[in-house]
Amino acid sequence: MNDALTDPVLIIFILGLAISSYLMIAKNDKKTSMLMISSLSFAVVGIISSAYTYIIHNKMVVQGTTSFCSSEGIVQCGSVIGDPQWNNLFGVPWGIFGIISFSILIFLSLCLYLDRYAKWSEDYLNYAWWAGMAGLPFVALLVIIELTQVEGAPHICPFCTIAHLSLIGYVGSIYFLRIRRNMGKWSDNEE
Amino acid sequence: MARRRKTSAKKGRDDDVRIIAGFVLGSILTVIMLLVVIIAPPATIGPSEGELAPDFSADAYNGVNWQNFKLSDTFDYEWEEGEEGEWILVQFIDTDCPYCWTEGETMSELYSQWSDNVEFITVTVELSINNHNSDRAEVEAFRDKTSYGTDENDGDGCNSGRDNCLNRPGTIHNWNYIEGSSSIMKDWEVTGTPFIAILKPDGYVAWNQYENLQEDIESAMERLVGGSE
């Protein structure tokens, strides 16, 4: 099996995604709370994986290589995060964009979780939805870059993919939350 | 007396939880950024002396064909100050720039003296000036000193179309000519050509022409690399 896929850090991230996904889809009598925790959990996995890609980026730039991720095979980071032409947007590494973006999502989800009945809660739910949706075209762009543009393409960067899946999962959680809100099931005991 | 309207909607908490959320997020970000700085501090990247040279990946002409070239592949990350190693000279030119035309000879001389200790790299860019059209055929002819254009000032050939590339001063340049781009120029803060930077073997900028207008390139090479043949 590809070394990159057996990386213990990657397995922890996958576990984080699995738990977040379970919280999103599992039936529960506190579904609204579970969805809020799920969105928070996705965003936390996203911010940590983004930071991890930023660490790999810094290692690649300063040392030319890193022990944090494989540089061989199709599933690897070296040719993706190490590609000077595509590993940044206007000179800012993608990892930094991820950290900033998931920070905004964490803030919105945390506010909702702490007080879902606040007068701003509906607005914040909409902000979370639109902020998450705004990130999806960037995910699509980055996947296209991985598959077609980087040196030796196609490649898949596993830690970048974790961040992408975190965003997709986040949007899913917020989507279900919006449905519950629109259906008047905002309280946990309203089924 | 009007009766107070009874509402089923639940009321939010009186305290503004957004401040708490802000503090929690601030704490998470602080921990994350501290870990990043401890595990892999970001390098200062730029063309100034002491900075790590901006990396680029582009097609390069080596005298035979065009192949992908990545600047950082020439870096020796294990190199330490005082050790022997292969330094890197990065030159930016426009094949139609008159100063680059005359610098062709200087580069040939530098190469004959330091080719054993220094990797030479020329990045070709196109300045936004009339008659500055550096297509691949012109770049190849400029490097190889082959016939391209005429010696008439008709816009055809090198040196703003004044000369046939065959007559470029100096000898054939036996090193990689990179197909530059506006983004590489921007990263390297190149505002005009020619421009030269000397990199240490580990890729850090040791000499930037813009910062050393009083020192010519030969003196800089002698001072930094020493040991010319």
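Me: Is B:Arg136 buried, partly exposed or exposed, and what is its relative accessible area?
Reply: This is a predicted model, so take what follows as computed. Partly exposed covers the range between under 20%, which is buried, and over 50%, which is exposed. B:Arg136 falls in that middle class because its relative accessible area is 31%.

Me: Which residue does B:Arg136 form a salt bridge with, at 2.8 Å between the closest N and O atoms?
Reply: A salt bridge needs a Lys or Arg side-chain nitrogen within 4 Å of an Asp or Glu carboxyl oxygen. With the closest N and O atoms 2.8 Å apart, B:Arg136 makes that bridge to B:Asp59.

Me: How many residues apart in sequence are the parts that this pair ties together?
Reply: B:Arg136 sits in helix α3 (residues 136-144) of chain B, while B:Asp59 belongs to strand β1 of chain B. So the pair links a helix to a strand, and the sequence separation is 77 residues.

Me: Which residue is linked with B:Asp59 and B:Arg136 in a network of salt bridges?
Reply: B:Asp59 is itself partly exposed, at 30% relative accessibility. The network joins B:Asp59 and B:Arg136 with one further residue, B:Glu179.

Me: How many salt bridges does a search of the whole structure find over all chains?
Reply: One of them joins the side chains of B:Glu215 and B:Arg223, at 2.9 Å from N to O. Another is in chain A, between A:Glu122 and A:Arg181, with the closest N and O atoms 3.9 Å apart. Over all chains, the search comes to seven.

Me: Is A:Cys160 buried or exposed, and what is its relative accessible area?
Reply: You'll find A:Cys160 in helix α6 (residues 158-182) of chain A. The cut-off for buried is under 20%. A:Cys160 counts as buried because its relative accessible area is 12%.

Me: Where in chain B is B:Glu49, one of the residues that form a negative surface patch?
Reply: The patch also takes in B:Asp187, B:Glu189 and B:Glu211. B:Glu49 is partly exposed, at 33% relative accessibility. As for its place, look in the loop between α1 (17-39) and β1 (57-61).

Me: What is the approximate area of the nonpolar surface patch that includes B:Leu34?
Reply: B:Leu34 is part of helix α1 of chain B. Its partners in the patch are B:Val31, B:Leu35, B:Ile38 and B:Ile39, and the area is about 470 Å².

Me: How far apart do the C-alpha centres of domain 1 and domain 2 of chain B lie?
Reply: Chain B splits into domain 1 (13-42) and domain 2 (57-224). From one C-alpha centre to the other, the distance is 46 Å.

Definitions and conventions: Residues numbered from 1 in each chain as written. Chains lettered and ligands numbered in written order. Predicted model: local features only at pLDDT ≥ 70, side-chain atom pairs only at ≥ 80, totals over all residues. Heavy atoms only, no water. Patch = residues over 30% accessible without salt bridge, like charges linked within 9 Å, V, L, I, M, F, W, Y side chains within 5 Å. Areas by Shrake-Rupley, 256 points an atom, 1.4 Å probe, with all protein chains shown as cover. Lys, Arg positive; Asp, Glu negative; His and termini not counted. Charge placed at Lys NZ, Arg CZ, Asp CG, Glu CD. Helix = DSSP H or I, 4+ residues; strand = E, 2+ residues; numbered from the N terminus. Buried < 20%, exposed > 50% of the residue type's maximum accessible area, 1.4 Å probe, protein only. Domains from an automatic or database assignment.
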